[in-house]
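Work through the exercises below with the structure open beside you. Try each task before reading its solution.

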Amino acid sequence: MGAGFGGAIFDVDGVLVDSPHERAWRDTLQELMETQWSDVRADTTYSPERFTLELYQQVVSGKPRISGALAALEYFEVPDAATRAEAYAELKQQMVLELIEAGEFTAFPDALRFVLAVRDAGIRLAAASSSKNAGLMLGRIRLDTFAEEQGLDYAFLRPHLSLHDLFDVDISGRDFAHGKPDPEIFVTAARELGLLPRECFVVEDAVAGVEAAKAGGMAALGVARADDFELLTAADADLVVTTLDDVDLDRLVEGNLVSGSRA
């Protein structure tokens, strides 16, 4: 692709931010099973140790809130999962907001370095997460402070610049007719960037997100943060890395997703 990429579309949870969502989904279900739903627990396949990070990545991550709740309940064969999903989702949302307000999340340093470099290369940025809490977290991450700590100097940096400020478009948390792996969210992000899907690449950590990018005619960069390198590769990601520091920025500007040293 000689023309290069015009846009980069980022998922947030697991890509840019080590968010409290997985913890909230896990802890909320445990609380429900020990209290309100204790009468049906024996009829399920649930146990606290079975709600792993890998399960979250494969079953819940990347989906709209109700869809994620239903998927988890169906996985554990919880009776009347469809009617219980809303209560589960609402309690999870309360918990995740409390965790965010308490600062119980961190940004991935490799992701911040990558976003800064991509912006410096003149590529437009979009945030496209299913989470309605994405903007809240992004707004609390200070890029000016991070850049100073890292010894990075970009012309666009200014005092009090947040990660959210760096994005040209943020469609996170919108209600779409279809969730990932349907490409609607990414196609919308490309359109609002003023670009064609083929002019964009998507950065995702979940199989459903990679599948959505490919279904939308976009290149997919998978970030394997949960020992899921092979799963993301099998989903047809154009490149899978365990850290975004491994992406060859020179080739990226040319329109190629390949790994290489930044040195």
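Two exercises follow, both on a predicted model.

**Exercise 1. Describe the surroundings of Arg-142: where does the residue lie, and is Arg-142 buried, partly exposed or exposed?**

Solution.
1. Locate the residue. Arg-142 sits in the loop that joins α6 (134-138) to α7 (143-150).
2. Classify its accessibility. Buried means under 20% and exposed over 50%, with partly exposed in between. Arg-142 has a relative accessibility of 36%, so the residue counts as partly exposed.
3. List the contacts. Leaving out residues up to four places away in sequence, Arg-142 touches His-160, Leu-161 and Ser-162.
4. Check a distance. Leu-163 is 21 residues from Arg-142 along the chain, and their C-alpha atoms are 6.3 Å apart.
5. Look at the side chain. A polar contact of 2.7 Å links the side chains of Arg-142 and Asp-144.

**Exercise 2. Describe the open sheet: in what order do its strands lie, and which are the edge strands?**

Solution.
1. Write down the order. The open sheet has 6 strands, arranged β5-β4-β1-β6-β7-β8, with parallel pairing.
2. Find the edges. β5 (169-170) and β8 (239-241) each pair on one side only, which makes them the edge strands.
3. Examine one pair. β4 (residues 124-127) is joined to β5 by 2 bridges in the parallel sense. Here Ala-126 stands opposite Val-169 of β5.
4. Add a helix. α8 (residues 184-193) packs on the sheet and touches β1, β4, β5 and β6. The direction of α8 makes about 140° with that of β1.
5. Add another helix. α5 (residues 109-120) lies across β1 (7-10), β4, β6 (200-204) and β7 (219-223), and runs at about 140° to β4.

How values were computed. Residues are numbered from 1 along each chain as its sequence is written. This is a predicted model: local features need pLDDT of at least 70, side-chain atom pairs count only at pLDDT 80 or more; totals for chains, interfaces and linings use all residues. Side-chain values use heavy atoms; hydrogens and water are left out. Helices (H or I, at least four residues) and strands (E, at least two) are DSSP runs, numbered from the N terminus. Buried means under 20% relative accessible area, exposed over 50%, partly exposed in between (1.4 Å probe, protein chains only). Contact means heavy atoms within 4.5 Å. A polar contact is a pair of N or O atoms within 3.5 Å; within protein, one must be able to donate a hydrogen and the other to accept it, and residues adjacent in sequence count only if both atoms are side-chain atoms. Two strands pair if DSSP finds at least two bridges between them. Axes are lines fitted to C-alpha atoms, for helices over the stretch in contact, and angles run from 0 to 180 degrees between N-to-C directions.
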